[in-house]
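These are my notebook entries on one protein chain. I set down what I looked up, element by element.

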Amino acid sequence: MGLNDSVRFWGKIKDITDAYAQTDVLILPSIWPENQPVTITEAMAAKIPVIASNSGGIPELVDDEKTGLLFEAGNAQDLARKMLNIIQNPEKIELFCESA
């Protein structure tokens, strides 16, 4: 799809500082009802905007359209809409970073 230059799947990370320095937006498409994903807390502390599914305790961490974006868990089209929202409205990145 030609996304190799703009999308990176990290897998297991040893140096989180380096990973976050290279991250524009954290996407957490979890379908598991997690209580409090540490990745969201870490990303917000590093001033990285978050797009995450609305499952488990995630909506308690991400306030939709205020500190990040939420999408319907398991709905790839909804996730794509949220990703496009960030691309088309890059000023939201700064807003989310400051609000988080």
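**Entry 1: helix α4**

I began with the length of α4 in this predicted model. The helix has 13 residues, which at 1.5 Å a residue should span 18 Å. I looked up its end C-alpha atoms and found them 18 Å apart, so the expected span and the model agree.

Next I asked which residues of α4 are buried. They are D78, L79, K82, N85 and I86. Viewed down the axis of α4, the buried residues fall within an arc of 115 degrees, and therefore they line one face of the helix. On the other side of α4 I noted A76, Q77, I87 and Q88 as exposed.

I then looked up what covers the buried residues of α4. The cover includes β1 (26-28), β2, β3 and α5.

At the start of α4 I noted a contact between a side chain and the backbone. A side-chain oxygen of N75 comes to within 3.1 Å of the backbone nitrogen of Q77.

**Entry 2: a salt bridge inside α4**

R81 and D78 form a salt bridge, with 3.6 Å from N to O. Both residues belong to helix α4 (residues 76-88) and are three residues apart, about one turn of the helix. I also checked whether D78 is buried or exposed. Its relative accessibility is 13%, and because buried means under 20%, D78 counts as buried.

**Entry 3: helix α5**

In α5 I recorded K92, F96 and C97 as buried. Seen down the axis of α5, the buried residues fall within an arc of 135 degrees, so they line one face of this helix. The face turned away from that buried side carries E91 and E98, which are exposed. I asked what the buried residues of α5 pack against. They pack against β3 and α4.

**Entry 4: salt bridges that reach α5**

The count of salt bridges comes to four. Having noted one inside α4, I turned to two that involve α5.

K47 forms a salt bridge with E98, and the closest N and O atoms are 3.8 Å apart. K47 lies in the loop between α2 (38-45) and β2 (50-53), while E98 lies in helix α5 (residues 91-99), so this pair ties together parts that are 51 residues apart in sequence. K47 is partly exposed, with a relative accessible area of 45%. I also looked up its backbone: the phi of K47 is positive, about 60 degrees, although K47 is not a glycine.

E65 forms a salt bridge with K92, the closest N and O atoms lying 2.9 Å apart. This pair links distant parts of the chain, with E65 in the loop between α3 (58-61) and β3 (68-71) and K92 in helix α5, 27 residues apart. Is each partner buried or partly exposed? E65 counts as partly exposed at 33% relative accessibility, whereas K92 counts as buried at 16%. For E65, too, I noted a positive phi, near 70 degrees, in a residue other than glycine.

**Entry 5: the strands**

I looked next at how the strands pair. β1 and β2 pair in the parallel sense over three bridges. β2 and β3 also run parallel, and four bridges join them.

In a regular strand the side chains alternate between the two faces of the sheet. I therefore looked up both sides of β2 and found V50 and A52 on one side and I51 and S53 on the other, all of them buried, so both faces of β2 are covered. In β3, G68 and L70 point one way and L69 and F71 the other way, and all are buried.

**Entry 6: residue A52**

I closed with one residue of strand β2, A52. A52 is buried, with a relative accessible area of 0%. L28 stands opposite A52, and A52 in turn stands opposite L70 in β3.

Which residues does A52 touch, not counting residues up to four places away in sequence? They are L28, I40, I58, L69, L70 and F71. I also looked up the separation of A52 and E34, which are 18 residues apart along the chain. Their C-alpha atoms are separated by 12 Å.

Note on methods
Residues are numbered from 1 along each chain as its sequence is written. This is a predicted model: local features need pLDDT of at least 70, side-chain atom pairs count only at pLDDT 80 or more; totals for chains, interfaces and linings use all residues. Side-chain values use heavy atoms; hydrogens and water are left out. A salt bridge is a side-chain nitrogen of Lys or Arg within 4 Å of a carboxyl oxygen of Asp or Glu. Buried means under 20% relative accessible area, exposed over 50%, partly exposed in between (1.4 Å probe, protein chains only). The expected span of a helix is 1.5 Å times one less than its number of residues. The arc is that of the directions from the helix axis to the C-beta atoms. Contact means heavy atoms within 4.5 Å. A polar contact is a pair of N or O atoms within 3.5 Å; within protein, one must be able to donate a hydrogen and the other to accept it, and residues adjacent in sequence count only if both atoms are side-chain atoms. Two strands pair if DSSP finds at least two bridges between them.
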